[in-house]
Each structure stands twice: as C-alpha cells, then as structure tokens.
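User: I am new to this structure and would like a close look at a single part of it. Please take your time over the answer.

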Amino acid sequence: MSQVKNCFNLNDFRVLAKKRLPRMIYDYLEGGADDEVTLTRNESRFSKIQLMPRVLRDVSNIDLSTTVLGQKVDLPVLLSPTGQTRMFHHTGEPAVARAAAKAGTVYSLSSVSSTSIEDVAAITDGLKWFQIYVWRDREVIKEFMDRCRVAGYNALCLTVDLPVHGNRERDLRNRLTFPTSLAPKVVADILSHPQWLYHYMTNPKINISNVKDSKNARLSHGGNLIDYISNQLDSAVDWDDAAWMIEHWNGPFLIKGIVNAEDAKRAVEIGASGIIVSNHGGRQLDYMPPTIEVLPEIVKAVAGRAEILLDSGVRRGTDVVKALALGASAVMIGRPYLYALAAGGEAGVDRMFELLRAEIMRDMALLGCTKISDLTSDFIR
Ligand SMILES: Cc1cc2nc3c(=O)[nH]c(=O)nc-3n(C[C@H](O)[C@H](O)[C@H](O)COP(=O)(O)O)c2cc1C
C-alpha cells in the first residue's frame, strides 16, 4: 500500500500495475486495436495544445465542483465503465466505486462488470451510472434498466462504438481467453505473479455478474457467459434502437463513443441528454481521431443542447483543463483508475484522485481561474 504514496502522477501507477499484473492481464488493460495508433495519439494530441494563462488574478480560493446532467460533482473527472475489474485487483468494482464516492464523483458500472448492479449499489450511495449495450435479447436490456432504476442509478450510458470487437493483437499473442487457458505461456506468466494468483485463487470466481444474475438471459452453450455475450453483440443496432432505449429509460441518458459531429446532432435529435466523445481508449477502430481533436466540432454542432463529456487519453490535470476549456463539461478516465487499483486497491484509487485533484487545482491557479466555468477557449493557444 505504501508504494502508492510514492506515486506522483498517473503514469507512476501504470508502472506499478505492470509489475503487479500477469503480462496478459496488463496487456488487456493497456492495449489498443491494430497498430495502436489511436491509442498513442490519444495522449500525444493533448501535448500539442498550449495553455495561455492570465496573471495577477486572485486565485486564493479555487472550487473544482461543477454539475454534470444536473448532478453536482466535486471534481470534473468521472470514471468511465470498464469490464471485469476484479481481474486487475480482487477488490474490483466496489473498491473503485467507494473511492469515487469519497472523491465526490461519478462511477460508471460496465454491463460486463465482475460485480452486479445491486452489489455496487449496496456499497455506495455516491453517484452511479450504468453502461449498457443494445444486445440482441431486448428482454435482458429491459431487465437491466429496471434493475438500475430499483438500485438507484442516476443515469444510463449507451456504448455505441462496439458493433463488433476491436482487433487487440496483444490479447491474441498472449492467448488471453475467458476462462483462462492453460497454455504453458499463460501458466508461466501467472506463476510469476504469485500475489495476483493467490488473490485469484482465494476469492470468488470472476464472473459477468449482471448476466449471471439475470432472470432473462437465456444461457445456451452450456451456460458459458462469454459465449453468451459474444452472441448478444448485435451489429444491426441502429438509431431507432438507441431511441427505443432512451424512451424506455425515461431519465438522464448518455451516448458513449461518438466522434462525428453529424452523429452528435443525431444523438441530440433522438433525445440524448449527454454525449461522451470517446474512441474507447483506442481499443476499437484504429485511426479514429484523438477525441480532444474533434471535441470543438462536436461542441459547435451540439450548441448547448446536450452535455458533452470526453474520454480517451486523459492523464494529467492539464489534459482536464484543456478539455474543459474546449467545451467539455467534464472528462472521464478508464485506464488510469485501473492502474491505480492494480497498484494499491482502493488506497491506490484514493491516491489517484488526490493527485488529480492537486494537479487540477495547481493548473487552475497557474492559469488564473478559480472555478470551472472560468475555463474557456481564451486559455488555449
Ligand atoms: C480494460 C478496459 C475495459 C473496458 N471496458 C469497457 C466496457 O465494458 N464498456 C465500455 O463502454 N467501455 C469500456 N472501456 C472503455 C472505457 O470506458 C473508456 O472509453 C476508455 O478506457 C477511455 O480511455 P482511457 O483508458 O485512455 O482513459 C474499457 C476500457 C478498458 C481499458
């Protein structure tokens, strides 16, 4: 645990996570699609943007709180959904959700999480969103929505950039399968990480909990959850399906995975309350543009009719202020909190929030801003 005290930026957690996790698990976390061009550019594109501070302004009191979909958050950094979190640390989704609640921000639970909708709701009364796909089996979708309503989730987030799985070659090379294969390479990898193996063996089996607990999932293929999910991915999904979900949910609804201004307009037209500008962290279509590059076009197209968030490549307080200055209400992060979790469990995620908060506070002071609404494109050069 004390090692996370020696982390001074988000990349430091990545280095620790790489040591702690079997190679195939780390690569699953870290990897992107094809040649990982989008993955790399997501981060490097932020570094092309310069900040232009204003001086001699009183910055003795800085407030990082803001509202997202009408909900107050203490920090403009929310957590993106990531599946199967218990693979990275045995404490999994509950640890991350608790840390997010302490930081006063939103935790988004993935449809393919290793902890169920209800179990996450039971451990935190912090802000919670649920990420959903349009699966073939609409009864399961309706059931998920009903379960979220009962469990008190604040918003639903539909991921639209996954009509098929991206090509992640690290996973192919590492023979990553669920359940884990016993190929010699895999066994050697796992045995060289005894602490991870110990927790893996002594904790309940990792499952796709929402499906496992589902009343409506018709588990064919001998009850194999992975086969079930693969079969459920419906590449025929279109805007009518998204509109159907918005109508059925009848509450705050975000569409995640938009990079095109025309799609953003369409999302507004069908009633989305928010858009998450995302390329899935470079894990889906390689050569998609970095999200920070397309953000201004989307902000212009949406013209205030829906809330705009951004993820993919946010690693620094300066990345956060750049995205906010270019029109995002808040940003979201995926890998960084998984690195922090792998590095030190809940204490790791707490430390990550502490560092991010300190970075954003310092950056705001140096820019001459005291509140989130001060951040405008005037600070971008
Ligand atoms: C290990 C991992 C699992 C993910 N699982 C999901 C998921 O289940 N649903 C989803 O909509 N996005 C998923 N994502 C994408 C994230 O929500 C997010 O868009 C992405 O991580 C943002 O980029 P960043 O990692 O550079 O912050 C996953 C990302 C990672 C790294």
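Where is Arg175 found?

Analyst: Arg175 is found in the loop between helix H8 (169-173) and helix H9 (184-191), where helices (H or I, at least four residues) and strands (E, at least two) are DSSP runs, numbered from the N terminus. Residues are numbered from 1 along each chain as its sequence is written. The model is a predicted one, in which local features need pLDDT of at least 70 and side-chain atom pairs count only at pLDDT 80 or more, while totals for chains, interfaces and linings use all residues.

What draws attention to Arg175 is its backbone, since phi is near 60 degrees, a positive value in a residue other than glycine. Arg175 is partly exposed because 15 other C-beta atoms lie within 10 Å; a residue is called buried if 20 or more other C-beta atoms lie within 10 Å of its own, exposed if 12 or fewer, and partly exposed in between, with C-beta atoms placed from the backbone.

Leu69 makes a useful companion to this case, for Leu69 also is not a glycine and has a positive phi, of about 50 degrees. Leu69 lies in the loop between strand E1 (66-68) and strand E2 (71-73), and it counts as buried because 21 other C-beta atoms are within 10 Å.

To set Arg175 beside the ligand's surroundings, 23 residues surround the ligand, and the closest are Ser80, Gly83, Ser110, Gly281 and Gly334; a residue is near a molecule if its C-beta atom, placed from the backbone, lies within 6 Å of it.
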